Amino acid sequence: MARKLPSRDVVIIGLGWTGAILANELTDAGLDVVAIERGPWRDTAESFNVGYAPDELRFAVRLDLFLRPAQETLTFRNNLNQTALPIRQFGSFLPGDGVGGAGVHWNGQNWRYHPTDFRLRSHLIERYGASAIGDLTIQDWGVTYDELEPFFDRFEKIAGISGKAGNLKGAIQPGGNPFEGSRSDDYPLPPMQMTYAPTLFAEAARSVGYHPFPTPSANASGAYTNPLGLTMGPCTFCGFCERFGCANYSKASPQVNVLPVLMRKRNFEARTECEVLKINLDGSGKRATGVTYVDTAGQEWEQPGDLVICCAFSLFNVRMLLLSGIGKPYDPSTNEGVVGRNYSYQTNSSVQMFFDNKTFNPFIASGALGQSADDFNGDNFDHTGLGFIGGAGMNCIPTNGRPILTRPVPPGTPNWGSAWKKATKESYNSAFSITSQGSSYTTRGNYIDLDPTYKDRFGRPLMRMTFDFPENDIRMSAFVNDKLATVAKAMGPRQIVANKTGTPYSVVPYQSTHNVGGAIMGADPKTSVLNKYLQSWDVPNVFVMGASAYPQNAGYNPTGTVGALAYWAAHAIRTQYLKNPGPMVQA
Amino acid sequence: MSHYALTRRYFLGSTTLAFLFGGATGAGAKTITGQQPWMAFAANPPTPELGNGLLFFIPSEFATIDAIVARLIPADDLGPGAKEAGCATFIDRRLAGSFGTFQRFYMQPPFANGTPQQGPQSANIPHVIYRTGLAALDAYSRATYAGKAFTALELAQQDAVLQAMEKGEAKFAGAVSAQQFFAMLLQNTREGFFADPLYGGNRDMIGWKLVGFPGARYDYRDHVSKHNQPYPLPPVSIFGRPDWQMKG
């Protein structure tokens, strides 16, 4: 039996980037906020201690900072005709755990989605006609780039992003990304110093007519103080970035960039190692009354609150809505319902290069140090006659030389023995990969619901993912990867190996933790879970942050837009919702 | 509106870190307010596993593992291999820890065979994979090579057995297939060859020296712009270098 606690103004589920941002903004507005986090407390000094942070086995292989599947996982199948089975070990994607969430283990590649990404369906119909969309279920976000621009800027300044503007108030800037949306301001820090491989890539990309620029990075290029007064130290290129916490206070994270201010506030409380079981609704089903959670001793607690904000990792936001009965679950057979609809991912291919007589020192790296080119991203190029829509960023961001997992060898090399040893030694310092990170467009059959068979440790159904790469995306990825190969050739390697994504999608090899959609935002409650302010259409005192709101995915890492949407939603709550609690958009 | 006025419900007073609700029996949550709950000396460093003795294997099993890793990453003209790096000890220590039981993984039934894209679905934990796999390997070796144990085979014969396991041509009796056992052996041997030496393998940083990985240095600001130039310093582990230790 749950024991009832005193009510709070705001109950936040999950204390990662969005939970920390919403809590900080709403406590500034004078509200009394409690954040309930299922994982442990984490801070730099204890959890990412410089004395033992550079431990590949513990953090990158055994995944010490990540969610344990024993605690929660999901089931998976490629299509409706298969029986889903549990993902017993995470592989293709790695959900985070604990305070800081994915903001601890991310690379720090911080993008703004392109203006056309936010009105994708309208834009493509205007340019190519409705037939270009085919049976894809892509749609507009309900919010525009121009509306979000001040909040992109806010997040970049909070997180201390290093980069070079390519479009400042409509004027194209040399050295930046000429395809990006218009920015009100440059990045708060200049670009990072470049290592050898991205330098070669940029020269080669320019030589074949593309427009490379330094990848926008949350790994600080120098000392920085953010608008909250919190400081970052310069990145040391340690090569233990993604999958690790940063011991140098150099990679932006909730721990470095928000929590030291938030935690000092008397109107904020974090409750860790407490797992929310569901959001509670009143008898009408139209109003949330709070949440029920369970602590590590197995005691259930009811935490009432006036406003409930879902800030878990995107997949787990979707499951929380399904378990709580908020919004109508999506059914692919009838194409009705919304929760779980439009799950999408990221469509990545790569080109690997083996050189003679080059020394790349792959261990001198960070998670977001590199060069990118957007010539074939989104709708930056004419798709007429190509047979697909969407695109991919071309990236050279060699993140590490950690040798348990990063040991490139030419195809055909045996897996063991002296020949393997020789190839491993020869290639370690003289090979690298460049990647195309592509959009992922939605279909009727790719979705999330609850599994009929497998349960979590509390007996709740696991969520079930049904996903395969749409043919559109496979064609897109092959097209851009061929462009990427022309850049690779211009670098003059001894050998080029192209790895193109194909079907069926597999949950085994690591690809991306950019799982998006399932609780999407939009302008129509029949095809979206949230309105443009990330507010539930069905239960207006529930908001859902995170990439679960993306109607489909673009060819970018999602965090920059997650941060902008969090500030956008917080602003709407502060300036509109609190004055008049209720739906901010009439259905 | 007053409904959202700042309310002061700080039932924990000035306590910054407390077990939730002092009066509640067995409450297992932590509540944090007012400041970060950082405590001096609370970090959680690993413990070096450099002692002798076996924690999981019996001596005959250990000898077989030692012979296998010596073939997977052999000593040759490029330098020492996995045997010299202590990979068998590394595997013994890993099996004695949380990896040995797949403690972190979802191991709830029902177990069903799926597609390769659905990932591993075996109920076998590493304890079972190694113990059962080693017994089946011994039986296979004796049946194929006139009663000889794996450790008694010629090196070329050992390689032939390992190749047959890798390709699934060797049929193992019992729940653990030759391929499942081989895949885990290869994964764990590579881990032991390249992990920080504190875990019992990569002795004298043999694996890191082979490829030129400097280990736990953590700061390359002085070399980042020195393109195409070899990094000059030798590797260092989380616990330093052997030549920093006091000589007996």
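Why is the sulfur of A:Cys274 not in a bond with the closest cysteine sulfur? Let's take that one straight away. This is a predicted model, by the way. The closest cysteine sulfur to that of A:Cys274 sits in A:Cys310. The gap is 16 Å, so it is too far for a bond. A disulfide needs the two sulfur atoms within 2.5 Å. Now count over all chains: the structure holds zero disulfides.

Stay with cysteines for a moment. Is A:Cys274 buried or exposed? Its relative accessibility is 0%, so A:Cys274 counts as buried. Over in chain B, B:Cys87 also comes out at 0% relative accessibility, and therefore counts as buried.

B:Cys87 brings us to helix 2 of chain B. This helix covers residues 87-96. How many of its ten residues are buried? Nine are, so helix 2 is largely enclosed by the rest of the structure. Among the buried ones are B:Phe90, B:Ile91 and B:Leu95. But look at the others. B:Asp92, B:Arg93 and B:Arg94 are buried too.

What covers them? Part of the cover comes from chain B itself: helix 1 (59-72), helix 3 (126-144) and helix 5 (178-194). Chain A joins in as well, with its helix 3 (56-61).

Step back to the whole of chain B. It has six helices and two strands. Read along the sequence, the two strands come before the helices: β-β-α-α-α-α-α-α. Of its 248 residues, 48% are buried. Next, contacts. Take those between residues at least 6 apart in sequence; 56% of them join residues at least 24 apart. And the surface? Chain B exposes about 12,000 Å², with carbon and sulfur atoms supplying 56% of that.

Now the nonpolar cores. First, some background. In soluble globular proteins, nonpolar side chains tend to be buried together. Here, the largest nonpolar core has 119 residues. Which residues have the most contacts inside it? They are A:Leu22, A:Ile279 and A:Ile309. Helix 14 of chain A, residues 559-577, gives the most to this core, with eleven residues.

Zoom in on A:Leu22. Leave out residues up to four places away in sequence. A:Leu22 then touches A:Ile12, A:Ile309, A:Met545, A:Ala566, A:Ala570 and A:Ile573.

There is also a second, separate core, of 81 residues. From chain A it includes A:Tyr52 and A:Ile404; from chain B, B:Ala88 and B:Leu153. You have met B:Ala88 already: it is one of the buried residues of helix 2. That's the tour.

Methods: Residues numbered from 1 in each chain as written. Chains lettered and ligands numbered in written order. Predicted model: local features only at pLDDT ≥ 70, side-chain atom pairs only at ≥ 80, totals over all residues. Heavy atoms only, no water. Helix = DSSP H or I, 4+ residues; strand = E, 2+ residues; numbered from the N terminus. Buried < 20%, exposed > 50% of the residue type's maximum accessible area, 1.4 Å probe, protein only. Contact = heavy atoms within 4.5 Å. Areas by Shrake-Rupley, 256 points an atom, 1.4 Å probe, with all protein chains shown as cover. Core = buried A, V, L, I, M, F, W, Y, C linked by side-chain atoms within 4.5 Å.
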